[in-house]
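Please open the model in your viewer and keep the selection panel at hand. The tour goes stop by stop, saying what to select and what is there.

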Amino acid sequence: MTAAARPSVAVWKFASCDGCQLSILDCEEELLQLAGAVRIAHFLEMSRATVKGPYDLSLVEGSITTQDDVERIQQVRRVSHRLITIGACATSGGIQGLRNFALAGEYTSVVYAHPDYIHTLDTSTPISAHVPVDLELYGCPIDRHQLLGVITAILAGRRPRIPGHSVCQECKGRGTVCLLVSRGTPCLGPVTRAGCGALCPAVDRGCFGCFGPTDTANTASLAGQLRRQGMAAVDASHLFRTFNAGAPAFRAESVAQEAPPPAAARGSARAKSAKGDR
Amino acid sequence: MSHGSGAERIISVEGLARVEGEGSLRVEVRDGTVTDVALEIFEPPRYFEALLVGRNFTEAPDITSRICGICPVAYQMSACAAMEDACGVTVDERIGALRRLLYCGEWIQSHALHVYLLHAPDFLGCADAVELAERDRGAVERGLDLKRIGNLVMETVGGRAVHPVNVRVGGFYSAPSPEAIAALAEPLFRARDQALATVEWVAGFDFPDVEADYRFVALREGGRYAIESGRPASSDGLDVSPAGLAELVVEEHVARSTALHARLRGRDPYLTGPLARYALNSATLPPLAAEAAAGAGLGPVCTNPFRSIVVRAVELVFACDEALSLVESYEPPDPPAATVVPRAGTGTGATEAPRGLLFHTYEIDGSGTIRKARIVPPTSQNQLTIEADLRQVAQEALELGDDELQWRCEQAVRNHDPCISCAAHFLDVTVESS
């Protein structure tokens, strides 16, 4: 296929760590094949050659944290036939989204010599808060096999499929004994979207939620269990408040745990209010 | 883009390619003299040092690894070292060896990425590795295989290549089985051969004739090439503890950058990274890497920034060789982590990220809550030196046409494998103080 006939792909970066872009370069065995199947038209981390849009597919990493980026994502959307967000920053605002919970002035305890040199927003928001997104790939970082699967599906004209079930099913699939049940290890597996392959429980560590909430996450039930096991409210709040702190279900639970009702009063009433927050 | 009229000439690159993160460069020339240079960093700050405050000390490795997807292990190791320092804990040799193995994996992955995908295309006149592969597919496949094997080491020890999950303050959540570690030997033998071939390959490139006057800073540790521990030292006689370095480094905030520029109090700018490590530690390289360096024409010190690709390739040989000996002598740490009980205090941890020295300092309270965090990544330490390079390289290449000069300037930046994502993200806070 000639270069012009191949679908063009652009990769864009907003506030992020580069890890999801790196996952593209981590497709070592498939990278040259991929480069043969599509035309990589804009991918600054990889190439100094860029081709003007429009692009058939844009992959967007990172969250929106500046006014410039509010405008830049509009431009990216305009030149993109399809737009897929890759990773926790782009889909939920990322770890830098913790600023969304800060009280006004809380992050201003340390001062720049010249604050007027810097222009940032008080919030870190996902791409979907600004422009329509065709598909969201979860993970901190994304799983590169999932990314390849999605690109392959698009090239073949198939509808890409993203799992909506929990990490628990992946643990069962690989025969990992449940850490939460057998040892009481705090684990977000029951409410976290599958996709990583249940990496943490396999190394004796509870899941810490890299892929964000499942479609039907019952976070209140899990938080109640963790509290009954003796976890402090602040720790429970922090557990939900990391890389996907801005995902609605995790956000609601982390807020609920900041000022939790007495343990005995917890239950279905709070679960409803958390859902109402989405 | 470059343009100019009469005696004035401006080279500017808005979106610098093949670096990690988003930056730009600008060079101004007037009457045959470079009058101004700037490596501009416009990555939005992510306020890590602010968002860490109030979190538990055990969370620092996972949270700070998200500063950089290219060198997450460096962040995890420096964070662990700082917290263990604060709590007065020393880990045993087996945990130290497993950390070093994980870190070797990151060096292999990151150096293979930089040498083959980011840096080599410059020397061969290619826009990227895909174009390079059209001319020399074997070379690019060799680089990708090396990178894959680095990732394999990280996955085996750390559970995942980008943001490993098995690292904790005190050590690891679980020790890999001896079988899993032994299975790394075969790919690492192959990687070592590929690394040797890499040294030969890059040694044959054409290098601009540039010699810079660097002040090098790197970790030094007894008779071995320092990676995950050691004392900061400089080419002009500095020898301090990590905490001592943290006290000496001052940072300044300039308009063109969302990163702070670091320098040593009372001294000129300095350089960290492969050239610095090599200059301060080349005598400790094991025979295979030392012979590869000599074969490539490197003396005990290299001050040509363009030849950093050769030094990086020598470090690839070293990292593969070192990983192999760690694999051969592996004994699972038991328990896999030291118990770390928090106590009120301050701790500093310094380790050698692939692109240079990275140090963290934390103040924690008696319950283990972080009260203060300071993270100084390699690129903010290197930024002033990169600009000095840019000035020198541009001045010595003014006879080139605009396009070629622009490319040469881009190279002057890529020589140091800057990680702009890292540099921007350690920023503290922005405030309108009225």
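What follows is a walk through a predicted model, beginning with chain A and ending with a sheet in chain B.

**Chain A as a whole**

Begin by selecting chain A and showing it as a cartoon, in which twelve helices and five strands can be picked out. If you then colour the chain by burial, buried residues make up 50% of its 278 residues. Contacts across the sequence are worth a look at this stage too: of those in chain A with a separation of 6 or more, 73% are between residues 24 or more positions apart.

**The two domains of chain A**

Next, give separate colours to residues 3-155, which form domain 1 of chain A, and to residues 167-276, which form domain 2. Where the two meet, 16 residues of domain 1 are in contact with 13 residues of domain 2. Which helix gives the largest share of the domain 1 side? Select residues 88-92 of chain A, helix α4, which contributes three residues to that side and thereby the largest share. Sorted by class, the domain 1 side that touches domain 2 holds seven nonpolar, eight polar and one charged residues.

**The parallel sheet of chain A**

Now select the five strands of chain A, which form an open sheet in the order β2-β1-β3-β4-β5 with parallel pairing. At its edges you will find β2 (39-42) and β5 (135-137), each of which pairs on one side only. Ignoring direction, neighbouring strands of this sheet are turned by 30° against each other on average.

To look at one pair in detail, select β1 (residues 8-13) and β3 (residues 55-61) of chain A, which run parallel and are joined by five bridges. Within this pair, V9(A) of the one stretch stands opposite L57(A) in β3(A). Then add helix α3 of chain A, residues 67-78, which packs on the sheet and touches β1, β3 and β4 (80-86), with its direction at about 130° to that of β4(A).

**A covered helix in chain A**

Is helix α11 of chain A mostly covered or mostly open? Select residues 248-258, and you will see that this helix is mostly covered, since eight of its eleven residues are buried. Among the buried residues are A249(A), F250(A), R251(A) and E253(A).

**The antiparallel sheet of chain B**

Move on to chain B, where three strands form an open sheet in the order β11-β12-β13, with antiparallel pairing. The strands β11 and β13 (370-376) stand at the edges with a single partner strand each, so one side of each is left without a neighbour in the sheet. The average turn between neighbouring strands, direction ignored, is 15° in this sheet.

Select residues 345-353 of chain B next, and you have strand β11, which is largely enclosed by the rest of the structure because seven of its nine residues are buried. Adding residues 356-364 brings in β12(B), which pairs with β11(B) in the antiparallel sense over nine bridges. These two strands form a hairpin with two residues between them, and G345(B) has I364(B) in β12(B) as its bridge partner.

On to the other pairing: β12(B) and β13(B) are antiparallel and are linked over six bridges, and here Y362(B) stands opposite A373(B) in β13(B). As the last stop, select residues 72-87 of chain B, helix α3, which lies across β11 and β12 of that chain and runs at about 150° to β11(B).

Note on methods:
Residues are numbered from 1 along each chain as its sequence is written. Chains are lettered from A and ligands numbered from 1 in the order in which they are written. This is a predicted model: local features need pLDDT of at least 70, side-chain atom pairs count only at pLDDT 80 or more; totals for chains, interfaces and linings use all residues. A residue is buried if 20 or more other C-beta atoms lie within 10 Å of its own, exposed if 12 or fewer, and partly exposed in between; C-beta atoms are placed from the backbone. Helices (H or I, at least four residues) and strands (E, at least two) are DSSP runs, numbered from the N terminus. Two residues are in contact if their C-beta atoms, placed from the backbone, lie within 7 Å. Domain bounds come from an automatic or database domain assignment. Ala, Val, Leu, Ile, Met, Phe, Trp, Tyr, Cys and Pro count as nonpolar, Asp, Glu, Lys and Arg as charged, and the others, Gly among them, as polar. Two strands pair if DSSP finds at least two bridges between them. Axes are lines fitted to C-alpha atoms, for helices over the stretch in contact, and angles run from 0 to 180 degrees between N-to-C directions.
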